[in-house]
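Please open the structure in a viewer and keep the sequence panel in sight. The tour below proposes one selection after another and describes what is found at each stop.

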Amino acid sequence: MMAPVVILGTGLAGYTLARELRKLDAERPLLLISQDDGRSYSKPMLSNALSKGKTADALAMATPEVMAEQLNATVRAGATVSAIDAAAKTISVDGETIAYSDLVLAIGADVFRPPLAGDGCDQVYSVNDLEDYARFRTVLGEDKQRKVLIIGGGLIGCEFANDLAASGYPVALVEPMGRPLPTLLPERASSAVAEGLASLGVQFHFGASVTAVNKADKGVVVTLADGSEVQADIVLSAIGLRPRTGLAQAAGLDVVRGIVTNRLLQTSNANIYALGDCAEVEGKVLMYVLPLMAAARALAKTLAGTPTPVSYPAMPVQIKTPVCPVVVSPVTPQTAGAWQIEADGPNVKACFTSESGQLLGFALTGSFASNMQVKSELARALPPILM
């Protein structure tokens, strides 16, 4: 019997790839292996589930057993892959050796955990998957007096701040860079987001990082680098993600920021592929849904026998802060050019252009972010990310 295609990971990347492959090849043996419980869910929903009244179980769309039936595949949940033998085309799974014909790494990214002093670090949580969300919801409870301190004012931090505050919880947000979404937005657009979140009661602590979390009579006391202290009941760390590369690196695959692939999503080994948050495709690590979907469609064709390079058109990102909607097409750091800004209160239209006048990125807030015509026109004017 032919060895299966093995997909490591049952998040959005793994299950989307499996679905796309089954559209093209209904019979090739397929095995998905997950270190979590294998339920199908949409990870982007985690950061706005609270205000929608969604528990972790309500976010789960299908059990691994249902997914296995839908995909005509085997799904092994709660399994740990400890090693890849690229030469033998095998993996080690909880002491068992399993052969593969092609191996796909869809293993995602880990939460970056800052080094913190203090005895209260066990009360610092992060939400990176469905099980994390279930734990966080349990600890948070229903007492709307419980104050949540969020470490990090990037995309995930701002989305959770909006969700928690809109759900009635007191929220404090710590961001060392001095404003929300500092790596994605120009200052005027950041100000619009800050004002929107502040209108929900979010308290900001800008300009200093968290250095320690210590237990207190009630909750914890969080110490900042400037010496100030903030009381909270629970701490949510949302500093960012780092591609999971350890397994690939141990197998001898090329790794830089992520697992290095070409445009076929092929790693430095011809029978091993990577996609999603763990992958670095032609130097680009894009931890967003649209690049993941494009990669899954292309890789499915390749695995089905038609080598298909992935291409990334311009793919603006919608940030889920309903109090001040945001759509952004991020500008690569150190890009030469300037922002042109049109603003009316919370409604900001910011366009980043090169010296020659080429649109390279944009940021929209408020009514501009909700205007389909504006979004479409700007997206069409952008160069592709990867063609």
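The model shown is a predicted one.

**First stop: a hairpin and a small antiparallel sheet**

Begin by selecting residues 220-224, which form strand β14. This strand pairs with β15 in the antiparallel sense, and four bridges join the two. Which residue of β15 stands opposite V220? Select A232 to see the partner in question.

Now extend the selection to the sheet to which these strands belong. It is an open sheet of three strands, ordered β13-β14-β15, and the pairing is antiparallel. Residues 210-215 form β13 and residues 229-232 form β15; these are the edge strands, each pairing on one side only. From one strand to the next, the twist averages 25°. As a general matter, strands of a sheet pair through backbone hydrogen bonds, either parallel or antiparallel.

Next, select residues 90-93 (strand β5) together with residues 96-99 (strand β6). These strands run antiparallel and are joined by four bridges. Within the pair, S92 stands opposite T97 of β6. How many residues lie between β5 and β6 in this hairpin? There are two, and D94 in the turn has a positive phi of about 50°.

**Second stop: the parallel sheet**

Turn now to an open sheet of five strands, whose order is β3-β2-β1-β7-β19 and whose pairing is parallel. To find its edges, select residues 74-76 for β3 and residues 272-274 for β19; each of these pairs on one side only. With direction ignored, neighbouring strands of this sheet are turned by 20° against each other on average.

Strand β2, residues 30-33, is paired with β3 in the parallel sense over three bridges. Select L31 and then T74, its bridge partner in β3. Add helix α1, residues 12-24, to the view: this helix packs on the sheet and touches β1 (5-8), β2, β3 and β7. The direction of helix α1 makes about 170° with that of β2.

**Third stop: D102**

Remain with the five-stranded sheet and select D102, which lies in strand β7 (residues 102-105). Is D102 buried or exposed? Its relative accessible area is 10%, so D102 is buried, the limit being under 20%.

Display the side chains around D102. The side chain of D102 makes a polar contact of 2.8 Å with the side chain of R28. A further polar contact, of 3.1 Å, joins the side chains of D102 and N271. Beyond its neighbours within four places in sequence, D102 is in contact with several residues, including P4, V5, V6, Y273 and L303.

**Fourth stop: the nonpolar cores**

Select L8, I91, L105 and L275. Of the 57 residues in the largest nonpolar core, these four touch the most other members. Helix α8, residues 289-303, gives the most to this core, with eight residues. To examine one member closely, centre the view on L8: leaving aside neighbours within four places in sequence, L8 is in contact with I33, V81, I91, L103, V104, L105, A106, I107 and L247. Another core, of 41 residues, lies apart from the one just viewed; V127, V193, V326 and V328 are among its members.

**Fifth stop: aromatic pairs**

How many aromatic pairs does the structure hold? It holds three, and two of them are visited here. For the first visit, select F136 and F160. Their ring centres are 6.4 Å apart and their planes stand at 75°, so the pair is edge-to-face. The two residues are 24 apart in the chain: F136 lies in helix α4 (residues 130-140) and F160 in helix α5 (residues 155-166). F136 counts as buried at 1% relative accessibility, and F160 is also buried, with a relative accessible area of 3%.

For the final selection, choose W339 and F352. This pair, too, is edge-to-face, with 5.3 Å from centre to centre and 75° between the planes. W339 belongs to strand β23 (residues 338-344) and F352 to strand β24 (residues 347-353), so the pair ties together parts that are 13 residues apart in sequence. Colour these two residues by accessibility: W339 is partly exposed, with a relative accessible area of 29%, whereas F352 counts as buried at 7%.

Notes
Residues are numbered from 1 along each chain as its sequence is written. This is a predicted model: local features need pLDDT of at least 70, side-chain atom pairs count only at pLDDT 80 or more; totals for chains, interfaces and linings use all residues. Side-chain values use heavy atoms; hydrogens and water are left out. Two strands pair if DSSP finds at least two bridges between them. Axes are lines fitted to C-alpha atoms, for helices over the stretch in contact, and angles run from 0 to 180 degrees between N-to-C directions. A nonpolar core is a set of buried Ala, Val, Leu, Ile, Met, Phe, Trp, Tyr and Cys residues joined through side-chain atoms within 4.5 Å. Buried means under 20% relative accessible area, exposed over 50%, partly exposed in between (1.4 Å probe, protein chains only). Contact means heavy atoms within 4.5 Å. Rings of Phe, Tyr and Trp (its six-membered ring) pair if their centres lie within 6.5 Å; planes under 30 degrees apart count as stacked, over 60 as edge-to-face and the rest as tilted. A polar contact is a pair of N or O atoms within 3.5 Å; within protein, one must be able to donate a hydrogen and the other to accept it, and residues adjacent in sequence count only if both atoms are side-chain atoms.
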